[in-house]
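Biologist: I am new to reading structures, and I would like a close look at a single part of this one. Could you take me through the nonpolar core and the residues around it, slowly and in connected steps?

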Amino acid sequence: MNPLGMRCFRCENDVLRVDQNLRTKISYQFIPVFNMQTITDTIRLYHLDPCDLTVRQEVSRVLSQVILDYKAALFQGGRRGRRFLLYLQDAMTKSGWHYSDQFAQEIALKSGLDLEMFMEDRHSAIAQEAFKKDQAITNSLGITKSATAIVYDTKEPEYGYLMPDFDYETLVESYHNHTFNPQQSVKEFAKQYHPCSLRVIKSN
């Protein structure tokens, strides 16, 4: 996901709805993507000048800091980290292109974070390492666009399927389509489910 993307904000809420509405145990993680594509998408989203190098550098700086702040928030628990991310995205979509230390502190307090710990962690080496690990994961899976879901079945974790531009309905449909045929492997399902947009991915 792009932590500054409006579509990603909606997709993340769709994942939360799926977790609440499906009668099965779901484990999920929001992984931020940081590359030229997400920088360009963010510039377009906030109606900034794509030809201005200073703007591009600033967007890159803000995007990377937002990701580090999200990782810092996750150090205080997954639920608080996700809350921080959703509050931040909601505030950014309403207030426009604005991000500062004070803004981050306000979101951290609203999310119930220990502010002193958060302010220390957001500039720490461990947050940088977590940032690099996330990018290594997205690169290894060949993901370049945000709002992409990778779904694994714990009963058959060797294979997963990739769903770009997903929403609540496609997540629920994929779940029901697979569980309606319990004899079908995730690999087989991944090959037949929307073959134009999905591909089989082997996990490490």
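Modeller: What follows begins with the whole chain, moves to the core, and then turns to an aromatic pair and two acidic residues. Please keep in mind throughout that this is a predicted model, in which the protein has 204 residues, 43% of them buried. Its secondary structure consists of nine helices and three strands, and along the sequence these elements come in the order α-α-α-α-α-α-α-β-β-α-α-β. If we take the contacts between residues at least 6 apart in sequence, 63% of them join residues at least 24 apart.

The largest nonpolar core holds 21 residues, and those touching the most other members are Leu4, Phe84, Leu88, Met92, Tyr99, Phe103 and Phe118. At least two residues of this core come from each of the helices α2 (36-45), α3 (53-74), α4 (78-95) and α5 (101-110), with α3 giving the largest share, six residues. Leu4 is a good place to start, for, once residues up to four places away in sequence are set aside, Leu4 touches Thr42, Leu45, Tyr46, Val62, Leu63, Val66, Leu88, Met92 and Trp97.

Two other members of that list, Phe84 and Phe118, are both buried, and their rings form a tilted aromatic pair, with 5.4 Å from centre to centre and 50° between the planes. Because Phe84 belongs to helix α4 and Phe118 to helix α6, this pair ties together parts that lie 34 residues apart in sequence. The protein has three aromatic pairs in total.

Helix α6, which covers residues 115-121, also contains Asp121. Asp121 is buried and yet has no salt bridge, since the nearest side chain of opposite charge, that of Arg122, is 10 Å away, whereas a salt bridge requires the charged atoms to be within 4 Å. Apart from neighbours within four places in sequence, the residues in contact with Asp121 are Ala72, Phe75 and Ala127.

Asp49 offers a second acidic residue to examine, and it is placed in the loop between α2 and α3. Asp49 counts as partly exposed because its relative accessible area is 39%, which falls between the limits of 20% and 50%. The side chain of Asp49 reaches the backbone nitrogen of Cys51 at 3.0 Å, and, leaving out neighbours within four places in sequence, Asp49 is in contact with Ile43 and Val55.

Methods
Residues are numbered from 1 along each chain as its sequence is written. This is a predicted model: local features need pLDDT of at least 70, side-chain atom pairs count only at pLDDT 80 or more; totals for chains, interfaces and linings use all residues. Side-chain values use heavy atoms; hydrogens and water are left out. Helices (H or I, at least four residues) and strands (E, at least two) are DSSP runs, numbered from the N terminus. Buried means under 20% relative accessible area, exposed over 50%, partly exposed in between (1.4 Å probe, protein chains only). Lys and Arg count as positive and Asp and Glu as negative; His and the chain ends are not counted. Contact means heavy atoms within 4.5 Å. A nonpolar core is a set of buried Ala, Val, Leu, Ile, Met, Phe, Trp, Tyr and Cys residues joined through side-chain atoms within 4.5 Å. A polar contact is a pair of N or O atoms within 3.5 Å; within protein, one must be able to donate a hydrogen and the other to accept it, and residues adjacent in sequence count only if both atoms are side-chain atoms. Rings of Phe, Tyr and Trp (its six-membered ring) pair if their centres lie within 6.5 Å; planes under 30 degrees apart count as stacked, over 60 as edge-to-face and the rest as tilted.
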